[in-house]
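Student: Please take a close look at one part of this model. Then connect it to the rest in one go, with cut-offs.

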Amino acid sequence: MNYDGNGKINIVMDSLYQSDEMLEKIGQFTRLRKDYDIDFKRIPLERADVLSLKNYDLLITHHNIESLNPIYLEQVDAILVTSPEHKLQSCDESNVLNLLEKTTHIVLTPAFGEVEKSIQTINVVNVEIAVKLTENSVGYSWLPKNLIQNELNNNSLKELRIANKSNKYRFYMYLNKNSIVSDILKYYLIDNV
């Protein structure tokens, strides 16, 4: 009868991040704390977006912004992929780096990681678009392995190996210092492991 409604927690997650472990922790939190409703958004985030966001309690992104006190979560291997029929797949491994310069590079969010010198760059905002363009032999991409495992398994994408070259995607969590629930989230998602 005296129900005032639940408090609300705003979680913003970069579309590049996928973690069953984090979703499990959020699920455990919701089972233990029925006094909070969750607004969960999964969106592509540029660095400027992270700096301008104000209405979040928890933010997960690949951008490392020291002034916001990042909490390191994990790193994910990124692998160089093309379609199985792409001409780069038939090249000698020692010559691949030179040929990348003459091939279209499909870049997942322009501000993410280093970009190889290429004849043409196509910037995309999500993995799905990058996968479709790469599967259609438009060019090559560095993509998070955990997000494209199905495509690798069904052979619509194929890894292209380059000696002594690897890429990692690092992810960070931010708790909004102005949020009244930041201590609660920190306890359930970080401290109480």
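Tutor: Start with exposure: a residue is buried under 20% relative accessible area, exposed over 50% and partly exposed in between (1.4 Å probe, protein chains only). The model is predicted, so to the ground rules: local features need pLDDT of at least 70, side-chain atom pairs count only at pLDDT 80 or more, and totals for chains, interfaces and linings use all residues. Residues are numbered from 1 along each chain as its sequence is written, and side-chain values use heavy atoms, with hydrogens and water left out.

The part is helix H4. Helices (H or I, at least four residues) and strands (E, at least two) are DSSP runs, numbered from the N terminus. An arc is taken over the directions from the helix axis to the C-beta atoms. H4 spans residues 127-135, and its buried residues are Val127, Ala130, Val131 and Thr134. These span an arc of only 100° around the axis, so they sit on the same side of H4. Glu128 and Lys132 are exposed on the other side.

What does the buried side of H4 pack against? Contact means heavy atoms within 4.5 Å. The partners are strand S4 (71-82), strand S5 (104-108), strand S6 (120-124), strand S7 (140-144) and helix H5 (149-153).

Take Thr134 in H4. Its relative accessibility is 0%, so Thr134 counts as buried. Leaving aside residues up to four places away in sequence, Thr134 touches Val81, Thr82, Ser83, Ile106, Gly139, Ser141 and Leu157. A polar contact is a pair of N or O atoms within 3.5 Å; within protein, one must be able to donate a hydrogen and the other to accept it, and residues adjacent in sequence count only if both atoms are side-chain atoms. The side chains of Thr134 and Ser141 make one at 2.9 Å. Thr134 and Glu116 are 18 residues apart in sequence, and their C-alpha atoms are 16 Å apart.

Now the ends. At the start of H4, a side-chain oxygen of Asn126 comes within 3.2 Å of the backbone nitrogen of Glu128. Just after H4, Ser137 has a positive phi of about 60°.

Next, charges. A salt bridge is a side-chain nitrogen of Lys or Arg within 4 Å of a carboxyl oxygen of Asp or Glu. That rule yields seven salt bridges. In H4, Glu135 pairs with Lys132, with the closest N and O atoms 3.7 Å apart. The two are three residues apart, about one turn of the helix. Lys132 has a relative accessible area of 52%, so Lys132 is exposed.

Another salt bridge joins Glu21 and Lys25, at 3.8 Å between the closest N and O atoms. Both lie in helix H1, four residues apart. Glu21 is exposed, at 52% relative accessible area, whereas Lys25 is buried, at 17%. Arg33 and Asp35 form a salt bridge at 2.7 Å.

Compare helix H6, residues 182-191, where Ser182, Leu185, Tyr188 and Leu189 are buried. Down the axis, they fall within an arc of 140°, so they line one face of H6. This set packs against S1, H1, S3 and S9.

Leu185 is also among the contacts of Asp57. Asp57 lies in the loop between helix H2 (47-52) and strand S3 (58-61). For charge, Lys and Arg count as positive, Asp and Glu as negative; His and the chain ends are not counted. Asp57 is buried yet has no salt bridge; the nearest side chain of opposite charge, Lys41, is 9.1 Å away. A polar contact of 2.5 Å does join the side chains of Asp57 and Ser179.

Last, rings. Rings of Phe, Tyr and Trp (its six-membered ring) pair if their centres lie within 6.5 Å; planes under 30 degrees apart are stacked, over 60 edge-to-face, the rest tilted. The whole structure holds five aromatic pairs. Tyr17 and Phe171 form a tilted one, 4.9 Å centre to centre, with 55° between the planes. Tyr17 is in the loop between strand S1 (7-14) and helix H1 (20-32), and Phe171 in strand S9 (residues 167-175), so the pair ties together parts 154 residues apart in sequence. The rings of Tyr187 and Tyr188 are edge-to-face, because their planes stand at 85°, with centres 5.0 Å apart. Tyr187 is partly exposed, at 43% relative accessibility. Tyr188 is buried, at 18%. Ring pairs link both of them with Phe29 and Tyr36 into a cluster.
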